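Colleague: Hey, have you got a minute to walk me through a structure? I'm new to this, so plain words please.
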Amino acid sequence: MWKCTNCHHVELGSVKPESCPLCGAEAEKLVLHEVPGIKGEKTLQNLKAGFVAESQANLRNLAFAMKAEQEGYPQMARLFRAVAEAEAVHAFHHLRLLGGISGTQENMESAFEKENLASNAYPGFIKEANEEDNPHVARIFGYSRDVERGHARLYSKALDHMVSDVDTEYYVCGICGYVSDGVLPDECPICGASKEKFRKVV
């Protein structure tokens, strides 16, 4: 395994890549990365695949729970949320075994870099969605692009205040995912949703 010292991405494989497949950093930025207690490349590949599958299952079941609530099936919604929680436990263990959870500062730096990379990918997604006459998809991609940039700013700001550990409240827009720090806005600056659509993170 190889770890990028620029974006903290971990790439599986015994052969050193020519560059980081995530951020494009040159090979010199990639260092050998070993996971204590794990032997064999197939097991590492399976852990990575398991993490992706369990993470997707977690979000899928949460989405199903929201739909069940909307349709008036509270018991089904609770079941979906319970299974989603179980999938999150599985995903956490897979990520932990992969060595994907570091100290808080490195986790923050990694999250910051990944948000920047994600926001940079969306302009291409938007262009292709419009070219294929999918304006509704392009609009959602646009929300994601703008919100990811905001996430990167929040991580950068938090890194600056790690020593003082400033106590900040966060509010998330339920329409586009915009995160407001410290103040509940009257209107979402990204999608225009009213403040009633925001949820306080506890």
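Modeller: Sure, we'll go from the overall layout to single residues.

Colleague: Anything I should know before we start?

Modeller: Yes: this is a predicted model, where local features need pLDDT of at least 70, side-chain atom pairs count only at pLDDT 80 or more, and totals for chains, interfaces and linings use all residues. Residues are numbered from 1 along each chain as its sequence is written, and side-chain values use heavy atoms, with hydrogens and water left out.

Colleague: Okay. How many helices and strands does the protein chain have?

Modeller: There are four helices and six strands. Both are DSSP runs numbered from the N terminus: helices are H or I with at least four residues, strands are E with at least two. Along the sequence, the pattern reads β-β-β-α-α-α-α-β-β-β.

Colleague: And what does the C-alpha trace span?

Modeller: About 50 × 50 × 40 Å along its principal axes.

Colleague: What share of the residues is buried?

Modeller: Of the 202 residues in the protein chain, 29% are buried. Buried means under 20% relative accessible area, exposed means over 50%, and partly exposed is in between, using a 1.4 Å probe and protein chains only.

Colleague: What about contacts along the chain?

Modeller: Take the contacts with a separation of 6 or more: 50% of them involve residues 24 or more positions apart. A contact here means heavy atoms within 4.5 Å.

Colleague: Let's do sheets. What is the strand order in the open sheet of three strands?

Modeller: The order is β2-β1-β3, with antiparallel pairing. The edge strands are β2 (10-11) and β3 (30-32), and each pairs on one side only.

Colleague: What holds strands together in general?

Modeller: Strands of a sheet pair through backbone hydrogen bonds, either parallel or antiparallel. For counting, two strands pair if DSSP finds at least two bridges between them.

Colleague: So how many bridges are there between β1 and β3?

Modeller: Three, between β1 (residues 2-4) and β3 in the antiparallel sense. In that pairing, C4 has L30 of β3 as its bridge partner.

Colleague: New topic: how many salt bridges turn up in the whole structure?

Modeller: Nine. A salt bridge is a side-chain nitrogen of Lys or Arg within 4 Å of a carboxyl oxygen of Asp or Glu. One of them joins E106 and K3, with their closest N and O atoms 2.5 Å apart. That pair links distant parts of the chain, since E106 is in helix α3 and K3 in strand β1, 103 residues apart.

Colleague: Is K3 buried or exposed?

Modeller: K3 is buried, because its relative accessible area is 15%. E106 counts as partly exposed because its relative accessibility is 26%.

Colleague: Got another pair?

Modeller: E69 and R81 form a salt bridge too, with the closest N and O atoms 3.1 Å apart. They also link distant parts of the chain: E69 is in helix α1 (residues 41-70) and R81 in helix α2 (residues 74-97), 12 residues apart. E69 is partly exposed at 37% relative accessibility, and R81 is partly exposed at 35%.

Colleague: Which residues are linked in a network of salt bridges?

Modeller: R145, D146 and R149.

Colleague: R145, hm. What does Y122 contact?

Modeller: Leaving aside neighbours within four places in sequence, Y122 is in contact with F141, S144, R145 and E148. Y122 is found in helix α3 (residues 104-131). Y122 is buried, as its relative accessible area is 16%.

Colleague: How far apart in space are Y122 and Y170?

Modeller: They are 24 Å apart, C-alpha to C-alpha, and 48 residues apart in sequence.

Colleague: Last one: any odd backbone angles worth a look?

Modeller: Some background helps here. Most residues other than glycine have a negative phi, and most peptide bonds are trans. H8 is not a glycine, yet it has a positive phi of about 70 degrees. H8 lies in the loop between β1 and β2, and H8 is buried at 16% relative accessible area.

Colleague: And where is D133?

Modeller: D133 is in the loop between α3 and α4. D133 has a positive phi of about 60 degrees, although it is not a glycine. D133 counts as exposed because its relative accessibility is 63%.

Colleague: Great, thanks!
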